[in-house]
Amino acid sequence: MSSLINTVIGRASVAAPRRSFLARLNAAMALHRSRARLASLDTHLLEDIGLDRAAAEAEANRPVWDAPSSWIK
């Protein structure tokens, strides 16, 4: 009965499909490029987005596998 209720309200217990290796590699490369671009921004551009140089460098130096799950979806 609970599976019927979950299905009706949109919470089906179906596992999400696993992303292919190439899709995961592409996402990792995109994250790396994004962090590299962040590190290359000028100080006034970083101030526009509310970051200082130290925060931008810290984000740019994080390993590629250290990404929030909301970025990976």
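Q: Why is R53 called partly exposed?
A: R53 has a relative accessible area of 30%. Buried means under 20% relative accessible area, exposed means over 50%, and partly exposed is what lies in between (1.4 Å probe, protein chains only). The value of 30% falls between the two limits, so R53 is partly exposed.

Q: On what kind of model and with what conventions do these values rest?
A: The model is predicted; local features need pLDDT of at least 70, side-chain atom pairs count only at pLDDT 80 or more, and totals for chains, interfaces and linings use all residues. Residues are numbered from 1 along each chain as its sequence is written, and side-chain values use heavy atoms, with hydrogens and water left out.

Q: How confident is the prediction, and where is confidence lowest and highest?
A: The mean pLDDT (the predictor's confidence in each residue, from 0 to 100) is 82 for the protein, and 74% of the residues score at least 70. Confidence is lowest in helix 1 (residues 2–8), with a mean of 57, and highest in helix 3 (residues 43–48), with 95.

Q: What makes the pattern of the protein α-α-α-α-α?
A: The protein has 5 helices and 0 strands. Helices (H or I, at least four residues) and strands (E, at least two) are DSSP runs, numbered from the N terminus. Read along the sequence, these elements give α-α-α-α-α.

Q: What makes the contact of E57 and R53 a salt bridge?
A: The closest N and O atoms of E57 and R53 are 3.7 Å apart. A salt bridge requires a side-chain nitrogen of Lys or Arg within 4 Å of a carboxyl oxygen of Asp or Glu. The separation of 3.7 Å satisfies that limit, so the pair is a salt bridge. In general, side chains of opposite charge can pair when their charged atoms come close.

Q: How are E57 and R53 placed in helix 4?
A: They are 4 residues apart in helix 4, a separation of about one helical turn. An α-helix has 3.6 residues a turn, so residues three or four places apart point the same way. E57 is partly exposed, with a relative accessible area of 30%.

Q: How many salt bridges does the whole structure hold, and which parts does the R35 pair tie together?
A: A search of the whole structure finds 4 salt bridges. One of them joins R35 and E59, with the closest N and O atoms 3.0 Å apart. R35 lies in helix 2 and E59 in helix 4, so the pair ties together parts that are 24 residues apart in sequence. Both R35 and E59 are buried.

Q: Why is E59 called buried, and what is its link to R62?
A: The relative accessible area of E59 is 18%, which is under the 20% limit, so E59 is buried. E59 forms a salt bridge with R62, the closest N and O atoms being 2.9 Å apart. R62 is partly exposed, with a relative accessible area of 28%. Through shared partners, salt bridges join R35, E59, R62 and D66 into one network.

Q: Where is D66, and how is it placed relative to A28?
A: D66 is in the loop between helix 4 and helix 5 and is partly exposed, with a relative accessible area of 33%. D66 and A28 are 38 residues apart in sequence and 9.9 Å apart in space, C-alpha to C-alpha. P63 is also placed in the loop between helix 4 (53–60) and helix 5 (69–72); P63 and A28 are 35 residues apart in sequence and 9.8 Å apart in space, C-alpha to C-alpha.

Q: How do you know that the span of helix 2 is close to the expected value?
A: Helix 2 (residues 21–39) has 19 residues and reaches 27 Å from its first C-alpha to its last. The expected span is 1.5 Å times one less than the number of residues, and for helix 2 this is 27 Å.

Q: What makes the buried residues of helix 2 line one face?
A: The buried residues of helix 2 are L31, R35 and L38. Seen down the axis, they fall within an arc of 55 degrees (taken from the directions from the helix axis to the C-beta atoms), so they line one face of the helix. On the other side, F21, L22, H32 and R37 are exposed.

Q: Why is F21 called exposed, and which patch does it help to make?
A: F21 has a relative accessible area of 57%, which is over the 50% limit, so F21 is exposed. Together with L22, L25 and M29, F21 makes a nonpolar surface patch of about 430 Å². Patches consist of residues with over 30% relative accessible area and no salt bridge; like charges are joined within 9 Å, and nonpolar side chains (Val, Leu, Ile, Met, Phe, Trp, Tyr) within 5 Å. Accessible areas come from the Shrake-Rupley method with a 1.4 Å probe; for residues, only the protein chains shown count as cover.
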